[in-house]
Every structure is written in C-alpha cells, then in structure tokens.
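Welcome, and thanks for taking a look at this one with us. Please open the structure below, and we will walk from the overall fold to the interior.

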Amino acid sequence: MRTIIAAHSGVLRGTGESILSALSNLSSLPWIARSKIERHLQMLSVLQWVVSFLMLGIACSIILSYTFFTNCWPIAALYLSWLILDWDTPNQGGRRSAWVRNWALWRYFREYFPIRLIKTHSLAPTRNYIFGYHPHGIFCFGAFCNFGTEATGFSKKFPGIRPSLATLAGNFRLPILRDYLMSGGIFPVTRDAIDYLLSKNGNGNAVIIVIGGAAESLECSPDSNVVTLSKRKGFVKIALQNGADLVPVYAFGENEVYRQVIFKEGSWLRAMQRKFQKLIGFAPCLIKGRGLFSSDSWGLVPYAKPINAVVGEPISVPKIENPSPQEVDHYHEVYTHSLVNLFNKYKAKFGYSESHTLEVI
C-alpha cells in the first residue's frame, strides 16, 4: 500500500522520481530492472496521448449522451450547461494550467523519443510571434511536447513568451478533450482565436501553427523532407495584420517515428483520403508503429526516433492592416527562404546527409 501511495504522490508533485523508486522496490518483481520500468513508463506516456487524441473526445461524448438516460442525468445536464456557457473560451485565450504543463508524465513522453528544443535566437517579450512548425508528421509529437508542455523547458529558454499551439477546431467541440487540450495551452486554429491572442492578449505571445496541416501528413514517411507551404499564405497575412514576427521551426525526425503507406496521387485511395480530410479536417493515414511489448509487432506506439525542433531566427514583420497580395507574397518568400536555410544549416548536425534537400510544395 505504501508503494502505491508513493507512486501516486510522485505524479501529483510532478517529480515522477517516487514512481520509479516505488516500482523498482517491489519485492514481488525482482527481475524488472529500473531501466525497463522507466522505458515502459515512457511508452505508456506516449500511448496515452495517442489514444487520448484519437478516442477521448468520442468516448466522452458517448458516455455523456448515455448518462442522460441514467439516474445520473443531472450530472450530465450540469456539465452540458457549463459547456454551453464555456463554449467560447477556446477562442478567447483558452484556460492553460501550469500544473498540467509540468506533469512528470510529459518528461517520460520527452525521453521516449527523445524530443529536444533547440534555441538559435532570443525572442523579445515585447513582441508577438507566429511560429511556423514543419513538418506535420502524423501526430505532431514534437510540436505538442515542445509547446503544449514544459517538458523541454520552453519557458526557461524563452522567458516572457507564452506558447499557444493551434490544432483542429473540431477537437474543442468534444467534452473533456477540449479541457485537456486547453490545459496545455492548446487552442483552435481559427482566425478569431489567433487574432485574439495576437491583438487582445498583450505582448509575449507565440502562436504555433503547423503550416502543412492534414494535407502534409499524407506525405510524411521516413527520409521524407516535404513541406506543404507554397500556397499556404494565410498565416503570413495574419502576421502582417497583427504586426507579429514570423519564426520558422523545423523538427528533424518528426517524419521518422511512423511508417506510412503512401498512395499515389490520382488513385481512388488517395481520393478517399482527400475527401475525408475536407469533411472532418484530418486525413486518415495507413500507418505502422510498434507494439507496447515488442518493436517487431504492429501497434500505435511510435518508433523511438530523436525529434529535434530547431527554432529559427525571427523575421521582423510590420503591422499592415490591409496588406496587398504583393506584400503577403514578399514576406512569404522571405519566410520560405529562411526555413530552407534553417534546414540546410542544421541537417548534418541531426544525422541528415548533405544530399538531403527540403522540398517545398
């Protein structure tokens, strides 16, 4: 009993050390080494995020609906009433929790791959920023860990900057999942929500947008360096209208953690993926990960490959309320050039050969 209490207290305090100490001291499991326990905790931390992202919202919606037909219906009615009153909160800065962002769980998540955040330039807290994150990968593990938690020390590396990671707006229509996401500083990728953070939330805001979105996830696979950017100019226009500096971010290794079957353009399977993407906002990908207990079996656990997210030099952007197409094109070109230079400068450091090039489509 004392072992269980010690493990539980480690989660609440956010240290996580007592979890390993308690589990490794279990006399009934003498053959389990501390390193193996830690490795399985890392895998479980990643798996819970994958399952939560895929199933938590739908499962909670089903449970909430079912509860209305039970004796507990007043609880469901109370939650639904609160949900209606709280509906606009995600579009108005959200409701982040420093406690959740510092959970020990996220440090296990970080060390599984591992994930690292590389700072190349300081950011002034008197400015607002739009970070363009590339590539999307399958689940944006690097984006979530670096900007949706404090596992990689974002606040220490960029003091005075509040990161807010944008994701599909549909996630915030699902009970419980919306609150889970908001607690990490995650918000819907809508024009109103972005404008609020950049114009009505003071200075020192960093809005992180995965520019390629769901369309880019269809192209991700190991050794692939393809970013969907050439026609994505909306984020540049928003930056100009709010006077927010642009910051390119490239995550080396984001595409390496899953294997994906990529269907040819023009095939009926690719057409189905595109149609599904337009209907619900994300694309169904045929992926292969590892199993929880064996790397040789199929599963949803990603392969343990390093993800190194390099935050590039900020691009100074003036505030122009009604930017012309030419002005948008100019800063989009500057941003694209900066992203390509960032990739070329750091690719060798993170295990890419000089022959690797960044393809912008």
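With 361 residues, the protein chain would be expected to have a radius of gyration near 21 Å if it were a compact globule, and its value of 21 Å agrees with that. Do keep in mind that this is a predicted model. Along the principal axes, the C-alpha atoms occupy a box of roughly 70 × 55 × 50 Å. Within the protein chain you will find 14 helices and 12 strands.

Here are some values for the whole chain.

| Property of the protein chain | Value |
|---|---|
| Residues that count as buried | 50% of 361 residues |
| Contacts (separation of 6 or more) between residues 24 or more positions apart | 76% |
| Exposed area | about 17,700 Å² |
| Share of the exposed area from carbon and sulfur atoms | 61% |
| Distance between mean positions of 37 positive and 24 negative charges | 6 Å |

Now to the interior. The largest nonpolar core has 48 residues, and those with the most contacts inside it include Phe109, Phe131, Tyr133 and Tyr258. Helix H7, which spans residues 141-147, gives the most to this core, with 5 residues. Which residues does tyrosine 133 contact, leaving aside its neighbours within four places in sequence? Among them are Gly142, Ala143 and Phe147, the run Ile208, Ile209, Val210 and Ile211, and also Val249, Ala251, Glu254 and Ala309. Apart from this core lies another, of 35 residues, including Ala166, Phe235, Val317 and Leu339.

Note on methods
Residues numbered from 1 in each chain as written. Predicted model: local features only at pLDDT ≥ 70, side-chain atom pairs only at ≥ 80, totals over all residues. Heavy atoms only, no water. Helix = DSSP H or I, 4+ residues; strand = E, 2+ residues; numbered from the N terminus. Rg over C-alpha atoms; globule rule 2.2 N^0.38 Å. Buried < 20%, exposed > 50% of the residue type's maximum accessible area, 1.4 Å probe, protein only. Contact = heavy atoms within 4.5 Å. Areas by Shrake-Rupley, 256 points an atom, 1.4 Å probe, with all protein chains shown as cover. Lys, Arg positive; Asp, Glu negative; His and termini not counted. Charge placed at Lys NZ, Arg CZ, Asp CG, Glu CD. Core = buried A, V, L, I, M, F, W, Y, C linked by side-chain atoms within 4.5 Å.
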